[in-house]
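Colleague: Please take a close look at a single helix and describe how it sits in the model.

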Amino acid sequence: METTFTKNKSLLDWLDEKVELLKPSNIVWIDGSADQIAALKKEAVETGEMIKLNEDLLPDCYLHRTAENDVARVEDRTLICSREEKDAGPTNHWMEPSKAYDMLYKIAAGSYEGRTMYIIPYSMGPVGSPLSKIGIEITDSIYVVLNMNIMTRVGQKVLDVLGDSNDWVRGMHCKCDVDPENRWICQFPEDNTIISVNSAYGGNVLLGKKCFALRIASYLGKQEMWQAEHMLILGLEKPDGEVKYICAAFPSACGKTNLAMLIPPEGYAKKGYKVWCVGDDISWIRKGEDGRLYAINPENGFFGVAPGTNMKSNPNALKSTMSGTIFTNVCHDLDDNTVWWEGLDKPAPTNAIDWKGNPWNGQESSEKGAHPNSRFTAPATNCPCISSEFENPQGVPISAIVFGGRRAKLTPLVYQSKSWNHGVFVGSIMGSETTAAATGAVGVVRRDPMAMLPFCGYNMGDYWKHWIEIGETLDPEKAPKIFNVNWFRKDDEGHFLWPGFGDNLRVLDWIIDRCDGKVDAQETAIGYLPYAKDINVEGLDITTEDVANILDVDKDAWEEELKGVEELYAKFGDALPKELEDELQTVKENLEK
């Protein structure tokens, strides 16, 4: 292939192979220019792929619907194609690479006939940052191009930084027939390659997102001594103006985006507390020259779940969607040509089209107007609390790492690990009640170590070992402290014991005070817990006694929990690090005491 965009031989040779395989009728390089993006939006509206929304109320916003069979990630059809099955590990689906390539190329062959091949050069992380990586995605979907333009940094500037390097991730997406029986999302970690066929849903086709930024990047991190984690990054600014940064991992629908964009409670805001969002989903973490861990958000936008997002739960996320946003599988309000979803702060429209494309009257229908996993793709720069460090190529220094999940009974509001390795143990045993973001049953407790179970690109036993090895390189004085939180504890009647949302700042405040050595904690069998008096409940209808109840450690429940942990660990055989076995044994002995 000859082009003025790049002279990179590895890239041009790869594209020649793909053109021969896919047989596109047209080829378009995405240069990232405003004119090109505007023309693609216009084309998508003309073909019906997207609907232009009310320009006065939602400027430069569009609605898209996927096929009804294509509305979420498909974990059973997401494969790690490492050369050795053991390198994929027991929690990933594996296929031998040559067999996978053969299967995928047969499905994809000729699938671009009559279609355009879009070539998207994109950077994960600020263009040119030493922490960033470059990918190329080819796709036959304008929807993918326009979403990647929001979610990543795209265009000529990326090719200029890449130069003639071979250090780039190869991504091939083919809509094909959107056939669920032939839908595959395959990662080839040793080949820096991702192939996605027969899907058009964001989580499966925006290859910079989970496929590259977590599955491939986690493997690259293992090779290059850094980490790719399913973690938000927030900055907590105290009244003295100092900002401390926290990385936090939660499984889907556990309030991760809400926490990343948290609005401080009134009393805290008056004192001058602020929260700054660096990222809502993914962190790339690397040791800096000063020996501390630094994190960047490799993304450039938010791919958020729409239902439940409102002015009470997450005003900053809602405000982020007010311009330049693509909405997927939400309800279309025909009266004012805007969008609606369950949980929005206004009544359901009566004259609307539901996410399936059918007429819908929200006052009469028993069906949902928006799919439970419907999405918005919004530019990060829209967020009112976006951090001034968002584009910092060096990243931000991390003081604390927080793990969390949705547990009604077991886990206290917050506790701190006793050491780095104990923190790795705490992350490894995470469990959460399932939600609609992944296909399958809802409400079942599912183990999700570090919230990485669907996203780790290699054997999770080796991934835990990598965490332990990272810890060995850190000065304990400079290493982030590790915590676990649970906003979802309930009483026997099923009522939440903690108000959550903005009031979660009260817990973050304690976490930062612990990192700074400003507050004591009580040692328990599972870790260091706050003294109830040290969680500020001023302005809440909660007593110190209530806080003590949310901090309770139930010995019997924890002994039962550890049986589940043993079942999880047993899957890994020899790949389970001895350090985690030792931590499990220590907690068991502590509970017996």
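Modeller: The face of helix α2 turned away from its buried side carries A34, D35, K42 and E46, which are exposed (over 50% relative accessible area, against under 20% for buried and partly exposed in between, with a 1.4 Å probe and protein chains only). The model is predicted, so local features need pLDDT of at least 70 and side-chain atom pairs count only at pLDDT 80 or more, while totals for chains, interfaces and linings use all residues. Residues are numbered from 1 along each chain as its sequence is written, and side-chain values use heavy atoms, with hydrogens and water left out.

Helix α2 covers residues 34-47, 14 residues in total; helices (H or I, at least four residues) and strands (E, at least two) are DSSP runs, numbered from the N terminus. From its first C-alpha to its last, α2 reaches 20 Å, close to the 20 Å expected at 1.5 Å a residue (the expected span is 1.5 Å times one less than the number of residues).

The buried residues of α2 are Q36, I37, L40, K41 and A44. They lie on the same side of α2 because they cover an arc of only 140° around the axis, an arc taken from the directions from the helix axis to the C-beta atoms. These buried residues pack against three strands, β1 (26-29), β3 (62-64) and β6 (116-124), and against α5 (142-151), where contact means heavy atoms within 4.5 Å. Just after α2 comes G48, with a positive phi of about 85°.
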